[in-house]
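Open your viewer, get comfortable, and let's take a walk through this protein together. At each stop you will get something to select and a short note on what to look for.

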Amino acid sequence: MSRLKQLRIEAEESQEYVGTLIGVSGQAVGQYETEKRDLSPDKILKLAEHFNCSTDYLLGKSDIRNPGKQIDDVLNEAMIGMSKEDYEALNET
């Protein structure tokens, strides 16, 4: 399954909806998903922004969905000595 299709299904969005976001038909989105048609760079950027992922993840070049978030998580954990989830679970005492 293509990453575009995976992201679209996870977001519970139709091909037609995604198409309207990037200015193409739902049929064109289906062709992108089956790799019968190539995405232009501007459409890749729009889709990555919409799905909050990197362009490399969208294109299947990386398995890291959002490297910026991952870097922030690592830096925060290094600075405070615990994960964000553990920090947020702390109470006032």
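**Stop 1: the pocket**

Before you start, keep in mind that this is a predicted model. Begin with the largest pocket, which has a volume of about 250 Å³. To find it, select Tyr32, Glu35, Leu39, Leu58 and Leu59, the residues closest to its centre among the 13 that line it. Now colour helix α1 (3-10) and helix α3 (26-33), the elements that give two or more residues to the lining. What kinds of residues make up this lining? There are six nonpolar, two polar and five charged ones.

**Stop 2: the whole chain**

Zoom out and switch to a cartoon view. How many helices and how many strands are there in the protein chain? You should find seven helices and zero strands. Following the sequence from start to end, the pattern reads α-α-α-α-α-α-α. The chain has 93 residues, and 29% of them count as buried. Some contacts also bring together parts that lie well separated in the sequence: of the contacts with a separation of 6 or more, 41% are between residues 24 or more positions apart.

**Stop 3: helix α3**

Select α3 next. It is mostly covered, with six of its eight residues buried. To see them, pick Gly26, Ala28, Val29, Gly30, Tyr32 and Glu33. What covers these buried residues? The cover includes α1, α2 (15-22) and α4 (41-50), so show those helices alongside α3.

While you look at helices, here is a handy rule: an α-helix has 3.6 residues a turn, so residues three or four places apart point the same way.

**Stop 4: Tyr32**

Stay in α3 and centre on Tyr32, which lies in this helix. Is Tyr32 buried or exposed? Its relative accessible area is 7%, under the 20% cut-off, so Tyr32 counts as buried. Show the residues that touch Tyr32, leaving aside its neighbours within four places in sequence: Leu4, Ile22, Val24, Arg37, Asp38, Leu39 and Lys43. Try the distance tool on one of these partners: Tyr32 and Leu4 are 28 residues apart in sequence, and their C-alpha atoms are 7.8 Å apart in space.

**Stop 5: Glu35 and Glu12**

Just past α3 comes Glu35. This residue sits in the loop between α3 and α4, and has a positive phi of about 60° although it is not a glycine. Turn on the surface and look for Glu35: with 65% relative accessibility, it counts as exposed.

Now jump to Glu12, in the loop between α1 and α2. Glu12 also has a positive phi, about 55°, although it is not a glycine. How exposed is Glu12? Its relative accessible area is 76%.

**Stop 6: Arg8**

From Glu12, step back to Arg8 in helix α1. Is this residue buried or exposed? Arg8 has a relative accessibility of 9%, which is under 20%, and therefore it counts as buried. Show what surrounds Arg8: setting aside neighbours within four places in sequence, its contacts are Glu13, Ser14, Gln15, Val18, Val29, Glu33 and Phe51.

**Stop 7: the nonpolar core**

Next, head for the largest nonpolar core, a group of 15 residues. Select Leu4, Leu47, Phe51, Cys53 and Leu58, the members with the most contacts inside it. Which helices each supply at least two residues of this core? They are α1, α2, α3, α4 and α5 (55-58). Centre on Leu47 and show its partners: not counting residues up to four places away in sequence, Leu47 touches Leu4, Val18, Ile22, Leu39 and Leu58.

**Stop 8: Asn66**

For the last stop, select Asn66, in the loop between α5 and α6 (67-80). Asn66 is partly exposed, with a relative accessible area of 24%. Which side chain does Asn66 join through a polar contact? Its partner is the side chain of Asn52, and the contact is 3.3 Å. Finish with one more distance: the C-alpha atoms of Asn66 and Thr55 are separated by 9.3 Å, while the two residues are 11 residues apart along the chain.

Notes: Residues numbered from 1 in each chain as written. Predicted model: local features only at pLDDT ≥ 70, side-chain atom pairs only at ≥ 80, totals over all residues. Heavy atoms only, no water. 1 Å grid on protein atoms, 1.4 Å probe; cavity = no way out; pocket = protein on both sides within 12 Å on 5 of 7 lines; lining within 4 Å. Points joined across faces, edges and corners; volume = space filled by probe spheres on them. Helix = DSSP H or I, 4+ residues; strand = E, 2+ residues; numbered from the N terminus. Nonpolar A, V, L, I, M, F, W, Y, C, P; charged D, E, K, R; others polar. Buried < 20%, exposed > 50% of the residue type's maximum accessible area, 1.4 Å probe, protein only. Contact = heavy atoms within 4.5 Å. Core = buried A, V, L, I, M, F, W, Y, C linked by side-chain atoms within 4.5 Å. Polar contact = N/O pair within 3.5 Å; in protein donor to acceptor, adjacent residues only side chain to side chain.
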